[in-house]
Amino acid sequence: MKVTSSYAVEIKHINKLFRDTVKIYRKALSFLVDVYEKEWEYLSIIPNKLQRQTVAENLIHNTKSNKAKYEFDEEFYKFPSYLRRDARNTALGIVSGYHSSLDNWEMSGKKGNKPVLQKNHYAMPVFFRDNMYQNTRSDTSCKLKIFKDKDWIWVTVNHKKTDVDYLKKYWSHTKPSAPKLEKRYKKWFLRFSYEEDIELSKEPADKQIVCAIDLGINTDAVCSILISDGTVAARKFINFAAEKDHLYRVLDGIREFQRLHGSQSTKGYWTYATRLNDELSKKIAREIVSFAENYHADVIVFEYLDMKSKKSGSKKQKLHMWRKNGIQALVEHKAHRHGIRISRVCAKNTSELAYDGSGEVIRDKKNHSLCTFSTGKQYNCDLSSSYNIGARYFIRELLKSVSKKKLSLLWAEVPESGHRTTCTLSTLWKIYNFL
């Protein structure tokens, strides 16, 4: 499996050096979008992708054997050839996407607003090697071809040493792609992408070690290590209380500011809150993968959390800021780099049913992380849920290879195994003994 990672290297002491380069690139992109929109009726009938790109190139670029229909070369004099091809492909993608959206809108009976072709995009140039990017003798600097004083010239820029040291330590084993320019928080970066060939775990289900994760708001994540017979080998509670307290204080400040002054001037505050939330997600993901790796887990299992409905109630803002899908995406990328697979199970009733099969639990009204089983036993609700998540994964995988005849006998002896939403850890114990 190919896993792609990226890392942004900060460029030091740069203020307005890239402003004209970004401006001319976006102007060229807008020009090409306009050209290909006019010619789309002809370009759309070309089925082969490479042929379409060749025809699109001939429309804008003069050669010895070709006279361009549009004056791109005159409008953008000495525009680098690789950057022109990058802008060409981006423009073709924009126009193609617009017409696909337009066709879907017409097929749906013209429901909703008609799609609009956006000619101005927040796009950044790619510095292709040799053509626009060259290494220097120093590890902390490179040469870039930029647009300055109405001409394309080579300039030497310096990287942040800590970023260069990080790349040397962790990414020296693979070759980086052409860097892409990026601007964040009023700073300029070069983002390098790296591709690795990773072999994921191929252990059969009955020999797998699973790390089951229950993500939550009160407790960031509860992790449990399970094996196929239902044995719980380890567990861990992940909770960054100080970071969450800081985030909630910032959100309270935003709410108070909006109450007094309205929501017109809160963009900077919301940007800060989003950055805090992103950093919290990265810390949670790092701890989850570290725990799974320590116990040599083959699979990390999550609930499938689909919360697209409108949020209401006293915890509306906390639910809105809860990056459950963002955490899962970060964990998936980190896990794949370590050869660990990712799986998801149905979330229904994982928290409502006790792991020991005693039925529905009663939540503690004062402490929502605790619950009481019908037997009177008090337990951590999130921990019980993580057991059920891991059990549902094993039940699904173990029953894949079972014959229909044996499956019908199993359903007669263990009725709850026929409905995945009623399965708990106790169900896995019964199934393992039956098989």
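Here is a short chat about the predicted model shown above.

Colleague: What should I know before I start?
Modeller: This is a predicted model, where local features need pLDDT of at least 70 and side-chain atom pairs count only at pLDDT 80 or more, while totals for chains, interfaces and linings use all residues. Residues are numbered from 1 along each chain as its sequence is written, and side-chain values use heavy atoms, with hydrogens and water left out.

Colleague: Okay, how many helices and strands does the protein chain have?
Modeller: There are 13 helices and 14 strands. Those are DSSP runs numbered from the N terminus, with helices being H or I of at least four residues and strands E of at least two.

Colleague: And how much of the chain is buried?
Modeller: 44% of the 435 residues. Buried means under 20% relative accessible area, with a 1.4 Å probe and protein chains only.

Colleague: Which residues of helix α13 are buried?
Modeller: In α13, residues 425–434, they are Leu 425, Ser 426, Thr 427, Leu 428 and Ile 431.

Colleague: What covers them?
Modeller: The cover includes strands β8 (221–227) and β9 (232–238), plus helices α11 (381–398) and α12 (404–413).

Colleague: Switching topic: why does Gln 53 count as buried?
Modeller: Because its relative accessibility is 15%. Gln 53 sits in helix α3, residues 49–60.

Colleague: What is Gln 53 in contact with, leaving aside neighbours within four places in sequence?
Modeller: Arg 88, Asn 89 and Leu 92. Contact means heavy atoms within 4.5 Å.

Colleague: Now pockets. How much space lies in the largest one?
Modeller: About 1,200 Å³. Of its 31 lining residues, Ser 6, Tyr 7, Tyr 166, Lys 282 and Lys 334 are the closest to the centre. On a 1 Å grid over the protein atoms alone, a pocket is an open set of points with protein on both sides within 12 Å along at least five of seven lines, a cavity is a set where a 1.4 Å probe fits but cannot get out, and lining residues have an atom within 4 Å of a point. Points are joined across faces, edges and corners, and a volume is the space filled by probe spheres set on them.

Colleague: Which element gives the most to that pocket's lining?
Modeller: Helix α8, with 8 residues.

Colleague: What's the volume of the largest cavity?
Modeller: About 160 Å³. It has 15 lining residues, and Asp 220, Asn 277, Leu 280, Met 321 and Trp 322 lie nearest its centre. Helix α8 turns up here too, giving the largest share of the cavity lining with 4 residues.

How values were computed
Buried means under 20% relative accessible area, exposed over 50%, partly exposed in between (1.4 Å probe, protein chains only).
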